[in-house]
Amino acid sequence: AAEALKSKPSEYAIRDGRRLLSVSRQVLDRVRVSALVYLIENRQAHADRAVAFFENLKHTKGKFHGEPFTLLSWEEKIIRDVYGTLKDDGTRQYKFVYIEIPKKNGKSELAAGAALYHLFADGEMNGEIYGCAADRAQAKILFSYIDGIFSSVALLKKMVINRTAETIELNNRVIIQVKTCL
């Protein structure tokens, strides 16, 4: 693709319809190659942005409290696949993601990071973030991670206008709710 973009376009004297058709096909091919290169670079940029966002967060609990959220290789692959896979119109291909992760492997922190990414970096206005958990205890854990991030960052703390046991409402009309699925 890069080679095709570097090559000079053919020069034709347009005398009849056949030559025009040939030039048009070459132009169309160059436009397609340009679009493909842009799409690949755009996908990479989306994935890089998401990874950078996650790695700028800090752990809010446990032995890593206060440490940067450094993604493990399998976590980074998930983030890159979810946020870097785009449709032709530039929107994310995946709207729903189902991931199974064993106990004590950072599911809640990863989910909290994803919720915050959608909230601040996804470009959607008046967003609604819903976290679902299998039971009330797990829902509280997820909510505590999200709430912990909001409490630890002064700028985020200022955005909160209403907080309940299951909901955080922000001054930009975004609502974050964590509930049980059952």
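Start by selecting E166 and R136: their side chains meet in a salt bridge, with N and O 3.0 Å apart. E166 sits in the loop between β2 and β3 while R136 belongs to helix α5, so this pair ties together parts that are 30 residues apart in sequence. Color E166 by accessibility and you'll find it partly exposed, at 21% relative accessibility. Keep in mind as you click around that this is a predicted model.

**Zoom out for a moment**

Show the whole thing as a cartoon. You should be able to pick out 6 helices and 4 strands. Trace them from the N terminus and the order reads α-α-α-α-β-α-α-β-β-β. Of the 182 residues, 31% count as buried. The protein exposes about 12,400 Å², and carbon and sulfur atoms supply 56% of that. Take the contacts between residues at least 6 apart in sequence: 58% of them join residues at least 24 apart.

**Back to α5, for another salt bridge**

Now select R163 and D147. Their side chains also meet in a salt bridge, at 2.7 Å from N to O. This one links distant parts of the chain, with R163 in strand β2 and D147 in helix α5, 16 residues apart. Is D147 buried or exposed? D147 is buried because its relative accessible area, 19%, falls under the 20% cut-off. R163, at 38%, is partly exposed.

**Along the strands**

Select 160-163, which is β2, and then β3 (167-170). The two pair in the antiparallel sense over 3 bridges, and they form a hairpin with 3 residues between them. Put sticks on V160 and look across to β3, where L170 stands opposite.

Next add β4, residues 175-180. β3 and β4 pair in the antiparallel sense, again over 3 bridges. Click T167 and look for its bridge partner in β4, Q177. This hairpin has 4 residues between its strands, and R173 in the turn has a positive phi of about 65 degrees.

**Into the core**

Which residues have the most contacts inside the largest nonpolar core? They are F54, I146, F150 and L170, in a core of 37 residues. Elements that each supply at least two residues of this core include α2 (17-55), α5 (136-152), β3 and β4. Also on that list are α3, α4, β1 (128-133) and α6 (154-159).

Center the view on F150 and show its surroundings. Leaving out residues up to four places away in sequence, F150 touches, among others, L116, L119 and F120. Its contacts also include V160 and L170, the two you just saw opposite each other across β2 and β3. R163 is another residue F150 touches, and R163 is the salt-bridge partner of D147.

**Over to α3**

Select K77 and D81. They form a salt bridge whose closest N and O atoms are 2.8 Å apart. Both lie in helix α3, 4 residues apart, or about one turn of the helix. K77 is exposed, with a relative accessible area of 52%, whereas D81 is partly exposed at 33%. While you're here, select D48, E76 and R80, which are linked in a network of salt bridges. The count of salt bridges comes to 5.

**Last stop: a nonpolar patch**

Switch on the surface and select Y94, V97 and I99. Together they make a nonpolar surface patch of about 240 Å². I99 is in the loop between α3 (73-84) and α4 (107-120). With 36% relative accessibility, I99 counts as partly exposed.

Conventions:
Residues are numbered from 1 along each chain as its sequence is written. This is a predicted model: local features need pLDDT of at least 70, side-chain atom pairs count only at pLDDT 80 or more; totals for chains, interfaces and linings use all residues. Side-chain values use heavy atoms; hydrogens and water are left out. Patches are made of residues with over 30% relative accessible area and no salt bridge: like charges are joined within 9 Å, nonpolar side chains (Val, Leu, Ile, Met, Phe, Trp, Tyr) within 5 Å. Accessible areas come from the Shrake-Rupley method with a 1.4 Å probe; for residues, only the protein chains shown count as cover. A salt bridge is a side-chain nitrogen of Lys or Arg within 4 Å of a carboxyl oxygen of Asp or Glu. Buried means under 20% relative accessible area, exposed over 50%, partly exposed in between (1.4 Å probe, protein chains only). A nonpolar core is a set of buried Ala, Val, Leu, Ile, Met, Phe, Trp, Tyr and Cys residues joined through side-chain atoms within 4.5 Å. Contact means heavy atoms within 4.5 Å. Two strands pair if DSSP finds at least two bridges between them.
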